[in-house]
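Biologist: I would like to go through this model with you, starting with the charged side chains. Could you put it on the screen?

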Amino acid sequence: VKQALLMSLRGNPILYQGEELGLEQVEIAFDQLRDPEAIANWPLTLSRDGARTPMPWDSTAHGGFSTTAPWLPLGAGNAARHVAAQLGDAGSLLHWTRQLLAARAASPALRSGTLALEPAAEGQLVFTRSAPGETLRCTFALGAAQPPLLPPPGPASLFHLPGEQIGDHGHHLGGADVQPDDEIAGVAARARGERRARRGGLREH
């Protein structure tokens, strides 16, 4: 959900290394810390080293990052989220992030369009992104209650993740059939659980 919202808002989306894999903040033992601030203030502050661990590329020793032990541990959970595994999984967060980046790159409304908030039910965030020739209605259901997502006014309504390209009008995220000449397309995302994520990414989608 966080990734979809990030790609739908105005401004330049920025991904921290490993966010596209759903890497988590790693607990670093004091004797392995490299962060001067965390060492000086131990144990009062959360070390920044936990978000600076090596990139896990594959299932080999040290995650394929190096042939010897790197300066910080990968963390067991992050080692299992390595790039090679997610490249082979069409439903992975890595593939989902790539789809979102492609959808944003193909959409004038998402890249540089205006943003207008719309009235929404509690637990929902709804806004439209508009550019000449394209209007996208972005609907996000947030929180544990997951209220039903209401169809946007107009000929198109899209409700599920992930999806496929639909011509020149953005991304088809599943749900209703949408034709390339439909005036309104939507981006719908549901929050399906919270996880203490290192770089903010949610693995479940």
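**Salt bridges, strands and core**

Modeller: Let us begin with Glu-19 and Lys-2, whose side chains meet in a salt bridge with an N to O distance of 1.5 Å. Please bear in mind that this is a predicted model.

Biologist: Where do Glu-19 and Lys-2 sit in the chain?

Modeller: Glu-19 is in the loop between H1 and helix H2 (36-41), while Lys-2 is in helix H1. The two are 17 residues apart, and the pair links distant parts of the chain.

Biologist: Is Glu-19 buried or exposed?

Modeller: Glu-19 counts as buried, at 3% relative accessibility. Its partner Lys-2 counts as partly exposed, at 26%.

Biologist: How many salt bridges does the count come to?

Modeller: The count comes to five salt bridges. One of them joins the side chains of Arg-81 and Glu-24, at 3.2 Å from N to O.

Biologist: Which parts does that pair of Arg-81 and Glu-24 tie together?

Modeller: Arg-81 lies in the loop between H3 and H4, and Glu-24 in the loop between H1 and H2, so the contact ties together parts that are 57 residues apart in sequence. To place the first loop, H3 covers 76-79 and H4 covers 83-87.

Biologist: And is Arg-81 buried or exposed?

Modeller: Arg-81 is buried, because its relative accessible area of 14% falls under the 20% limit. Glu-24 is partly exposed, with a relative accessible area of 21%.

Biologist: Which backbone oxygen does the side chain of Arg-81 reach?

Modeller: That of Gly-77, at 3.1 Å.

Biologist: What about Asp-49 and Arg-52?

Modeller: Their side chains also meet in a salt bridge, with 3.8 Å between N and O. Asp-49 counts as buried at 2% relative accessibility, and Arg-52 as partly exposed at 35%.

Biologist: Changing topic to the aromatic rings: how many aromatic pairs does a search of the whole structure find?

Modeller: The search finds three aromatic pairs. Among them is Phe-65 with Trp-71: the ring centres are 5.5 Å apart and the planes stand at 65 degrees, so this pair is edge-to-face.

Biologist: How accessible is each residue, Phe-65 first?

Modeller: Phe-65 counts as partly exposed, at 33% relative accessibility. Trp-71 also has that status, at 43%.

Biologist: And the rings of Phe-127 and Phe-140, what is their arrangement?

Modeller: The rings of Phe-127 and Phe-140 are stacked, because their planes are at 20 degrees, with the centres 6.1 Å apart. Phe-127 belongs to strand S2 (residues 124-131) and Phe-140 to strand S3 (residues 134-141), so the pair ties together parts that are 13 residues apart in sequence.

Biologist: Is Phe-127 buried or exposed?

Modeller: Phe-127 counts as buried, at 1% relative accessibility. Phe-140 is buried too, with a relative accessible area of 0%.

Biologist: How many bridges join S2 to S3?

Modeller: Eight bridges join these two strands, which run antiparallel. Within this pairing, Arg-129 has Leu-136 in S3 as its bridge partner.

Biologist: What about the hairpin of S2 and S3?

Modeller: Two residues lie between the strands, and Gly-133 takes a positive phi near 85 degrees.

Biologist: In what sense do S1 and S2 pair?

Modeller: Strand S1 (residues 114-117) and S2 pair in the antiparallel sense, over four bridges. Leu-117 stands opposite Phe-127 in S2. S1 and S2 form a hairpin with six residues between them, and Gly-123 in that turn has a positive phi of about 85 degrees.

Biologist: How many of the residues of S3 are buried?

Modeller: Seven of its eight residues are buried, so S3 is largely enclosed by the rest of the structure.

Biologist: One last topic, the largest nonpolar core. Which residues have the most contacts inside it?

Modeller: Those are Ala-4, Trp-96, Leu-100, Cys-138 and Phe-140, in a core of 13 residues.

Biologist: Which elements each supply at least two residues of this core?

Modeller: Helix H1 (2-8), helix H5 (93-106) and helix H6 (108-112) do so, as do S2 and S3. As general background, nonpolar side chains tend to be buried together in soluble globular proteins.

Note on methods: Residues numbered from 1 in each chain as written. Predicted model: local features only at pLDDT ≥ 70, side-chain atom pairs only at ≥ 80, totals over all residues. Heavy atoms only, no water. Phe/Tyr/Trp six-rings, centres within 6.5 Å; stacked < 30°, edge-to-face > 60°. Buried < 20%, exposed > 50% of the residue type's maximum accessible area, 1.4 Å probe, protein only. Pairing = 2+ DSSP bridges. Core = buried A, V, L, I, M, F, W, Y, C linked by side-chain atoms within 4.5 Å. Polar contact = N/O pair within 3.5 Å; in protein donor to acceptor, adjacent residues only side chain to side chain. Salt bridge = Lys/Arg side-chain N within 4 Å of Asp/Glu carboxyl O.
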